[in-house]
Amino acid sequence: MTRGTRERPALPVLLAISLPVLLALAVAAIGIAGRLGAGAPPEQPPDTGPLAVVPVDAPDATGPDCAALLAALPAELDADAPLPGRPLAEPAQPGVRAWAALPRPVVLRCGLPRPVELTPTSALLEVNGVKWLQLDDGVPDPVVISYVAVDRPVYTIVTIAPALGSGPLQQVSDVVRATLPPTAVRVR
């Protein structure tokens with residue numbers, strides 16, 4: 001062999017080098033595809049069957065303010081897709097409405113007592129003219145966030161999964177604003 005000429009590697013040597021590289025690329029592609037959701041099962045529709053709600057103290061749930069609010073609430077809420085109303089399992093709790101949504105239903109309760117978290121220094125969120133006290137479930141990535149309307153004659157709480165965005169809260173705020181007159185925030 002002369003000095004300037006090179007011999008090509010033999011086929012077995014090329015295969016021995018390229019097969020592990022191709023295998024590593026295939027494993028990386030499968031991992032990336034899995035993270036991007038390729039091949040994931042299609043998303044199931046939300047449960048629309050009767051929803052069992054835990055009984056809670058709601059002394060004003062049967063009063064005229066809650067009756068007016070519940071009557072004014074829409075059959076569907078707006079999010080990325082319409083959220084249909086969801087019936088309540090018997091015995092149905094007074095002052096409660098629910099809408100089918102993923103990953104959790106949207107639940108509204110009217111007539112609850114003043115939340116203990118409401119203090120003179122509480123940060124309030126104003127949405128479409130209604131002041132809300134935001135309460136999360138205490139985990140780093142909340143599964144649900146509850147909002148309590150604190151400037152109306154009755155306390156109303158709506159619980160929403162963060163994945164649904166702000167649309168349901170805005171729509172409920174519009175109904176609360178139109179149905180219940182504003183009052184001063186009562187912190188004690």
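Here a trainee and a mentor talk through a predicted model of a protein chain.

Trainee: What is the layout of the protein chain, read along the sequence?

Mentor: The order is α-α-β-β-β-β-β-β-β-β-α, which adds up to 3 helices and 8 strands. Of the 188 residues, 32% count as buried. Among contacts with a separation of 6 or more, 61% come from residues 24 or more positions apart.

Trainee: What makes cysteine 66 and cysteine 110 a disulfide?

Mentor: The cut-off is a pair of cysteine sulfur atoms within 2.5 Å. Here the sulfur atoms sit 2.1 Å apart, so the pair qualifies. By that rule the count is 1 disulfide.

Trainee: Which parts of the chain does the pair link?

Mentor: Distant ones: cysteine 66 belongs to helix α2 and cysteine 110 to strand β4, 44 residues apart. Both cysteines are buried, too.

Trainee: Why is the disulfide of cysteine 66 and cysteine 110 called left-handed?

Mentor: Look at the torsion about the S-S bond: it is about -85 degrees, so the disulfide is left-handed.

Trainee: Staying with helix α2, why does leucine 70 count as buried?

Mentor: Buried means under 20% relative accessible area. Leucine 70 comes in at 18%, so it counts as buried. It is found in helix α2, and, leaving aside neighbours within four places in sequence, it is in contact with Gly95, Val96, Arg97 and Leu108.

Trainee: How far apart are the C-alpha atoms of leucine 70 and proline 94?

Mentor: They are separated by 10.0 Å, with the two positions 24 residues apart along the chain.

Trainee: And how do you know whether serine 173 is buried or exposed?

Mentor: Its relative accessible area is 0%, which is under the 20% cut-off, so serine 173 is buried. Serine 173 is part of helix α3. Not counting residues up to four places away in sequence, it touches Val127, Asn128, Val130 and Trp132.

Trainee: Asparagine 128 turns up in that list. Why is asparagine 128 called partly exposed?

Mentor: Partly exposed is the band between under 20% and over 50%. Asparagine 128 has a relative accessible area of 34%, so it falls in that band. You'll find it in the loop between β5 (124-127) and β6.

Trainee: What is the phi of asparagine 128?

Mentor: Positive, at about 50 degrees, although the residue is not a glycine.

Trainee: Which peptide bonds are cis, and what is omega for them?

Mentor: One joins glutamate 90 and proline 91, with omega about 0 degrees. Another runs from leucine 102 to proline 103, with omega near 5 degrees. Proline 91 is placed in the loop between β2 (83-84) and β3 (96-99), and proline 103 in the loop between β3 and β4.

Trainee: What makes a set of residues a nonpolar core?

Mentor: The members are buried residues of the nonpolar kinds, joined through side-chain atoms within 4.5 Å. The largest nonpolar core has 27 residues, and Leu69, Val106, Trp132 and Val158 touch the most other members. Elements giving two or more residues to this core are α2 (64-72), β4, β6 (130-136), β7 (145-149), β8 and α3 (167-179). The largest share, 4 residues, comes from α3. There's also a second, separate core of 8 residues, including Leu112, Leu118, Leu133 and Val150.

Trainee: What is valine 158 in contact with?

Mentor: Leaving aside neighbours within four places in sequence, valine 158 is in contact with Val106, Val107, Leu108, Trp132, Ile145, Ser146, Tyr147, Leu169 and Val172.

Trainee: Last topic. How much space lies in the largest pocket, and which residues are closest to its centre?

Mentor: The largest pocket holds about 280 Å³ of space. It is lined by 14 residues, and the closest to its centre are Val56, Arg109, Leu112, Ile157 and Thr159. Two elements, β4 (106-112) and β8 (155-160), are the ones that give two or more residues to the lining. The largest share, 4 residues, comes from β4.

Trainee: How do the residues of the lining divide into nonpolar, polar and charged?

Mentor: The lining of the largest pocket has 11 nonpolar, 1 polar and 2 charged residues. Arg109 is one of the residues closest to the centre, and Arg counts as charged.

Conventions. Residues numbered from 1 in each chain as written. Predicted model: local features only at pLDDT ≥ 70, side-chain atom pairs only at ≥ 80, totals over all residues. Heavy atoms only, no water. 1 Å grid on protein atoms, 1.4 Å probe; cavity = no way out; pocket = protein on both sides within 12 Å on 5 of 7 lines; lining within 4 Å. Points joined across faces, edges and corners; volume = space filled by probe spheres on them. Buried < 20%, exposed > 50% of the residue type's maximum accessible area, 1.4 Å probe, protein only. Contact = heavy atoms within 4.5 Å.
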